[in-house]
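Work through these exercises with the structure open beside you. Try each task before you read its solution.

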Amino acid sequence: MQLKIYKNYQSLSAHISDEMIALIKHKPNAVICCASGDTPRLTCQLFAEKATTQKIDTSKFTFIGLDEWVGIPSDNEGSCRYFFDSLVIKPLQLATSQFHFFNALSNDVVAECKTMDKFITDKGGIDLMIVGIGMNGHIGFNEPGVSFDNYSHFIQLDATTITVGQKYFKDNVSLDKGITIGLQHLVESKEVILIANGLKKAAVIKTAVEGGLSNSFPATIIQKHPTGVVAIDEEAASLLSR
Ligand code: F6R
């Protein structure tokens, strides 16, 4: 696992968006899977801006959403789908065949998971995963106690996720279950970057980087990925002992 520390949120986001651009330049049909949320917001925005201003051919790459709140419609601005639609899909005018997201309103979530897994397999696997870290150590909606061997699955959300998750929504919503790409996908992804910023993430980053590998703190899985990168700002790095 490699640790990269940036001065602040802006420089972290600039770097990760550059990595996305570099990948697409090198491999136009790359498959990128990304988390939504506060951390990757600027990365996604810069990625779309840079791809446009640098006239990058984005017509062949594939974009996958990491997870979704079960039962929340895509036109709710707190949904992961809404996040990607507004920051990536619409700005880059991606074709429908170029992206895949979990349908949060599906009445067959098991089939949703199978469809996602097949989509990833048919694309030849994920080239780059960009993930965040929750205040309980989750990645995507791989909540504490999750099996490291899971592919896509749906899960009862942890109490912390339900409480913290309200920050994405204008009105109070009832959050209960999540649907997510699994940690086995993460281990199999060619590259993985875990990003975090701010003092509030310092303690969870310390556990992810320096704690023992354990499914009680899913983000420790990053230690298991052969080329896993933890890219954080100075504040998120402030409790690390190295
Ligand atoms: C959201 C997701 C979550 C977030 C995590 C951190 O798609 O996958 O695991 O990455 O909860 O969220 P923020 O970035 O809002 O602190």
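**Exercise 1. Are F99 and F101 buried or exposed, and how are their rings arranged?**

Solution. The model is a predicted one.
- Step 1: check the burial. F99 is buried, and F101 is buried too.
- Step 2: find the ring centres of F99 and F101. They lie 5.6 Å apart.
- Step 3: take the angle between the two planes. It is 45°, so the F99–F101 pair is tilted.
- Step 4: widen the view. F99 and F101 belong to one aromatic cluster with F47, F61, F63, F83 and F84.

**Exercise 2. Count the aromatic pairs in the whole structure, then describe the one formed by W69 and Y168**.

Solution.
- Step 1: search the whole structure. The count is 10 aromatic pairs.
- Step 2: take W69 and Y168. Their ring centres are 6.2 Å apart, and their planes meet at 50°. Stacked needs under 30 degrees and edge-to-face over 60, so this pair is classed as tilted.
- Step 3: place the partners. W69 sits in strand 4 (residues 67-69). Y168 sits in the loop between helix 5 (159-165) and strand 8 (177-180). The two are 99 residues apart, so the pair links distant parts of the chain.
- Step 4: compare their exposure. W69 has a relative accessible area of 3%; buried means under 20%, so W69 is buried. Y168 has 27%, so it counts as partly exposed.

**Exercise 3. Which residues make the contact between helix 2 and helix 3, and what is their character?**

Solution.
- Step 1: look at the axes. Helix 2 (residues 38-53) and helix 3 (residues 80-89) have axes that come within 8 Å and cross at roughly 35°.
- Step 2: list the contact residues. Helix 2 supplies P40, R41, C44, Q45, F47 and A48. Helix 3 supplies F83, F84, L87 and V88.
- Step 3: sort them. In this contact, 8 residues are nonpolar, 1 is polar and 1 is charged.
- Step 4: link back to Exercise 1. F47, F83 and F84 are also members of the aromatic cluster.

**Exercise 4. Trace the pairing of strand 2 and say which of its residues are buried**.

Solution.
- Step 1: recall the general pattern. Side chains in a regular strand alternate between the two faces of the sheet.
- Step 2: apply it to strand 2 (residues 31-34). V31 and C33 are on one side, I32 and C34 on the other. All four are buried, and both faces are covered.
- Step 3: find the partners. Strand 2 pairs with strand 3 (residues 62-65) in the parallel sense, over 4 bridges. There V31 stands opposite T62. Strand 2 also pairs in parallel with strand 6, over 3 bridges. There C34 stands opposite I130.
- Step 4: read the connection. Strand 2, helix 2 and strand 3 form a right-handed β-α-β unit.

**Exercise 5. Follow the pairing from strand 6 to strand 9 and on to strand 10**.

Solution.
- Step 1: start at strand 6 (residues 128-131). It runs parallel to strand 9, and 4 bridges join them. I130 has I193 as its bridge partner in strand 9.
- Step 2: move on to strand 10 (residues 229-233). Strand 9 pairs with it in the parallel sense over 4 bridges. L194 stands opposite V230 of strand 10.
- Step 3: check the cover of strand 9 (residues 191-196). Of its 6 residues, 5 are buried.
- Step 4: add the helix. Strand 9, helix 7 (residues 202-210) and strand 10 make a right-handed β-α-β unit.

**Exercise 6. Which strands stand at the edges of the sheet with the order 4-8-7?**

Solution.
- Step 1: read the order. This is an open sheet of 3 strands with antiparallel pairing.
- Step 2: count partners. Strand 4 and strand 7 (153-156) each have a single partner strand, so they stand at the edges, and one side of each lacks a neighbour in the sheet.
- Step 3: take the twist. Neighbouring strands in this sheet are turned by 20° against each other on average, direction ignored.
- Step 4: inspect one pairing. Strand 4 and strand 8 run antiparallel and are joined by 3 bridges. E68 stands opposite I179 of strand 8.
- Step 5: add the helix. Helix 4 (residues 109-122) packs on the sheet and touches strand 7 and strand 8.

Methods:
Residues numbered from 1 in each chain as written. Predicted model: local features only at pLDDT ≥ 70, side-chain atom pairs only at ≥ 80, totals over all residues. Heavy atoms only, no water. Buried < 20%, exposed > 50% of the residue type's maximum accessible area, 1.4 Å probe, protein only. Pairing = 2+ DSSP bridges. Right-handed = clockwise from strand over helix to strand, strands pointing away. Axes fitted to C-alpha atoms, helices over the stretch in contact; angles between N-to-C directions. Contact = heavy atoms within 4.5 Å. Nonpolar A, V, L, I, M, F, W, Y, C, P; charged D, E, K, R; others polar. Phe/Tyr/Trp six-rings, centres within 6.5 Å; stacked < 30°, edge-to-face > 60°.
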